[in-house]
Amino acid sequence: MRNLPLNPDTMQVIALALGVGPEEIAGISSLKTGMTNRSFLFTCRGTKYILRIPGEGTGQLISRQEEAAVYRLIQSQGLGGDVLYINPDNGYMISRFIEGARNCDPLNPKETAACMETLRAFHRLGLRVEHEFDIFAHIDFYQQLWEGRPSAYPDYLQTKENVLRLKPFIDAQVEKKVLTHIDAVPDNFLFCQNGRGETEIRLIDWEYAAMQDPHVDVAMFCLYAMYDRAQADQLIGQYFPEGCPVKTRIKIYCYIAACGLLWSNWCEYKHSLGVELGEYSVKQYRYAQDYYRIAAAELEQIGEWDSCTL
């Protein structure tokens, strides 16, 4: 990491949030550039902090007011890490840096099982907010952000039509909607030590969180980890240790297809802003195609495919 200066306005934001003078903010370095935000590490009075600054086009993608409402709720439940400051207007956020923390290894079954246990416990809280993340509405919304530019994929319209055929089955299988992370990917599960020296898992980065079917989070983990079907089935089994009903499993396959198209559209918008996401972008589109076929075959097998009409 190399030292990087922040502009005076940003330094003032940090100073006011922490109640210190700008001269007490030191050791500023770039921590990472994620797909949505930029993060910086800095030190103040011997404590390390992370500053999150929204990336290109983020204002179009995320409601920071809704995000702030989520953080207020989850912090009342002891969730979401140690966030000290969040600005609902511009999305700037400051949180304490967690020493020794590491992300989940999606290829380690013990770690993924622990993550699914954490995710399931969160879902069981049944938390509620005022806003919802509508997957199919967001597919259209992200496409609208292309401003009339055609998709990079010549068969996009057929792929979208196929995915939309899955919506009636999904809607019929949703039992309840609760606060759902939406971005419950391996990188957002942090393994760290608590004050008693025990390993605990913290789920971070709640900017997409909203009311939704909690099983969407299982699909999202699979997508980001770029799992094949066997790995996806293993993860589903970890979330449902008592056994996953057939229709619920197929619904998760449908979510993988729909959310693959969702993030593919998101990636195409980011591409228009000059942000390249490489393999991730192409893989999401392939998930939309592959899991449409998987879901369709499974629905045909249980006699449900005829109900999937546009």
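This report walks through the strands, cysteines, one buried threonine and one pocket of a predicted model.

**Strands**

Let's start with the sheet. Three strands make up an open sheet in the order β6-β8-β9, and the pairing is antiparallel. The edges belong to β6 (102–103) and β9 (199–203); each has a single partner strand, so one side of each has no neighbour in the sheet. Between β6 and strand β8 (residues 189–193) there are two bridges, again in the antiparallel sense. Arginine 102 sits opposite phenylalanine 191 in β8.

There's also a hairpin, built from β4 and β5 with six residues between them. Strand β4 (residues 83–86) pairs with strand β5 (residues 93–96) over three bridges, in the antiparallel sense. Across that pairing, tyrosine 85 faces isoleucine 94 in β5. If you're checking backbone torsions, look at glycine 91 in the turn, which has a positive phi of about 85 degrees.

As a reminder, strands of a sheet pair through backbone hydrogen bonds, either parallel or antiparallel.

**Cysteines and a threonine**

How many disulfides are there? The count is zero. A disulfide is a covalent bond between the sulfur atoms of two cysteines. For cysteine 104, the closest cysteine sulfur is that of cysteine 115, and the 3.6 Å between the two sulfurs is too far for a bond. The cut-off here is sulfur atoms within 2.5 Å.

Here are three residues that count as buried, with their accessibilities:

| Residue | Relative accessibility | Class |
|---|---|---|
| Cysteine 44 | 3% | buried |
| Cysteine 104 | 4% | buried |
| Threonine 159 | 5% | buried |

Why does threonine 159 count as buried? Its relative accessibility is 5%, and the label applies to anything under 20%. Threonine 159 is part of helix α6 (residues 156–164). Setting aside neighbours within four places in sequence, threonine 159 has contacts with Leu261, Tyr285, Ala288 and Gln289.

**The second largest pocket**

Finally, a pocket to look at. The second largest one has a volume of about 280 Å³. It is lined by 16 residues, and those closest to the centre are Glu175, Lys176, Pro214, His215 and Phe240. Two elements, α4 (109–124) and α10 (246–272), give two or more residues to this lining. What is the make-up of the lining by class? Seven residues are charged, five are nonpolar and four are polar.

How values were computed:
Residues are numbered from 1 along each chain as its sequence is written. This is a predicted model: local features need pLDDT of at least 70, side-chain atom pairs count only at pLDDT 80 or more; totals for chains, interfaces and linings use all residues. Side-chain values use heavy atoms; hydrogens and water are left out. Helices (H or I, at least four residues) and strands (E, at least two) are DSSP runs, numbered from the N terminus. Buried means under 20% relative accessible area, exposed over 50%, partly exposed in between (1.4 Å probe, protein chains only). Contact means heavy atoms within 4.5 Å. On a 1 Å grid over the protein atoms alone, a cavity is a set of points where a 1.4 Å probe fits but cannot get out, and a pocket is an open set with protein on both sides within 12 Å along at least five of seven lines; lining residues have an atom within 4 Å of a point. Grid points are joined across faces, edges and corners, and a volume is the space filled by probe spheres set on the points. Ala, Val, Leu, Ile, Met, Phe, Trp, Tyr, Cys and Pro count as nonpolar, Asp, Glu, Lys and Arg as charged, and the others, Gly among them, as polar. Two strands pair if DSSP finds at least two bridges between them.
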